[in-house]
Amino acid sequence: MPRFRYNALDQAGQPTAGELEAVGEAQAVAQLAAQGIFVTQVDAAGHGAAVANGATRADGGGAAAGGWNLSFGARIPLRSRAAMFGQLATALEAGLTLLAALKVVQEQAESESMRRLVTDLADRVQGGEALSGAMEAQGRVFTPLHVSMVRAGETAGVLDEVMGSLAEFAERELEVREKIRSAATYPLIVMTLAVASVIVIMIWVAPTILNSLVEEGRPLPLPTVLLLGVSNFVASWWGVLTGVGLLAGGYWFRQWIATPDGRLAWDGFKLRVPILGETLRKIAVGRFARTLATLTGSGIQILEALHVLRDTLGNEAMARTVDDVRAAISQGESIAEPLRKTGQFPALFIQVIALGEQTGKMDELLLRAANAYERETAAAIERTMTLLPALLIVVLAIVVGLILAAVLLPIVSMQAGV
């Protein structure tokens, strides 16, 4: 098996070198990456070929600057972006140049799409473009939040700190998403099984049992008559047309909420729904606090920070209130008072903002507030998702009980000779 020499940085950022056996350069880099080692150079023992900091890859995976864009390519998961930000932060803190850091991350990319993305960024940077501009060209991968923070880090000379903040922010967002996804899985399974069970009973089971009784001409109880009527309607062409109409209505609704006015109306309605609205508001406030803290801590002015973070809240109604706050601040008002006037932010959060303005520790206090609201959000989601399956089971039990009553009543009456 071929042997390769390497120069690298260990987990503490200290230079290290050595040799190892591997099938090829890519596997050698992967083996070292698994040990937490950032490779800066690797070449075959006894040969001069190298993949070094400033070298361009010769494996055909690179693209000329501006020659590859993910707009129509594979999606980059949030987890991969978080890992990339963290790796860049570590490499930059260790003293590598930006181009060298990008090359290191490129060599250690876990997927081909990620490798192509980092290669494109490296090629653009090598061509003289700023990293923020290279990221902005990949509009479907990096958000305005990412681009604005990196641009601020480039201006202030603290790009390594900004990358660390971006990595932490992405990991927090990923944690919240995973909690919501995990909490919602069981209720969705229960609801799907409930709907499927009722449909099967209504279309196949109930008619099979009851049609024989109808053919005998016996008088049927009212619940049985209603069940047969619903069952026959669902199985008829009218039922099919109704189903098609519901699907068309659902499609139209999705199209409508994709419009600015529709999204605003729908998001505003969700905020007014009991329990759900309060949970969504806490999620938005937590994101507002963490994003504003991250942006202002990176040196971004408050007006630009508010413009960037509005789209991270996940609710257009809340985003419009941020627009109103931004307009008020541009007229010379403080931050806390316009937030209070919106009525969308908790009183305690407003006090935190006001205290941050007075003490000059806005980012520190906002991070504490974000942690608190994220804990409350996690608890609220857990409570909601614990109650929801129980409510669904109760509703399913009532529906199935009514169906069983409608089926059994005429059988019991027949056996009793009524």
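**Exercise 1. Describe the lining of the second largest cavity by residue class.**

*Solution.* Start with the residues themselves: in this predicted model, the second largest cavity is lined by R263, R310, D311, G314, N315, E316 and A319. Next, sort them. Asp, Glu, Lys and Arg count as charged, so R263, R310, D311 and E316 go into that group. Gly counts as polar, and G314 joins N315 there. That leaves A319 as nonpolar. The tally is 4 charged, 2 polar and 1 nonpolar. To finish, add the setting: this cavity holds about 30 Å³ of space, and the search of the whole structure finds 2 cavities of 30 Å³ or more.

**Exercise 2. Work out how helices α10 and α13 are arranged, and which residues bring them together.**

*Solution.* First, find the helices: α10 covers residues 260–272 and α13 covers residues 316–330. Their axes cross at roughly 100° and come within 7 Å. Angles of 65 to 115 degrees count as roughly perpendicular, so α10 and α13 are roughly perpendicular to each other. Now look at the contact. From α10 come P260, R263, L264, D267, G268 and L271, and they meet E316, A317, M318 and R320 of α13. By class, this contact has 5 nonpolar, 4 charged and 1 polar residues. You may recognise two names here: R263 and E316 also line the second largest cavity.

**Exercise 3. Do the same for helices α8 and α9.**

*Solution.* Helix α8 spans residues 222–235, and helix α9 spans residues 237–257. They pack at an angle of about 70°, and their axes are 4 Å apart. The angle makes α8 roughly perpendicular to α9. On the α8 side, the contact uses F233, V234 and A235; on the α9 side, it uses W237, W238, G239, V240 and T242. Sorting these residues gives 6 nonpolar and 2 polar, with no charged ones.

**Exercise 4. Find the largest pocket and say what surrounds it.**

*Solution.* Begin with its volume, which is about 1400 Å³. Then go to its centre: among the 47 lining residues, E173, R177, I180, R287 and G314 are the closest to it. Step outward to the elements. Those giving two or more residues to the lining are α2 (78–93), α6 (144–156), α7 (159–215), α11 (276–297) and α16 (362–415). Last, count by class: the lining has 26 nonpolar, 10 polar and 11 charged residues. Here, too, a name returns, since G314 is also listed in the lining of the second largest cavity.

Conventions
Residues numbered from 1 in each chain as written. Predicted model: local features only at pLDDT ≥ 70, side-chain atom pairs only at ≥ 80, totals over all residues. Heavy atoms only, no water. Axes fitted to C-alpha atoms, helices over the stretch in contact; angles between N-to-C directions. Parallel < 35°, antiparallel > 145°, perpendicular 65-115°, else oblique. Contact = heavy atoms within 4.5 Å. 1 Å grid on protein atoms, 1.4 Å probe; cavity = no way out; pocket = protein on both sides within 12 Å on 5 of 7 lines; lining within 4 Å. Points joined across faces, edges and corners; volume = space filled by probe spheres on them.
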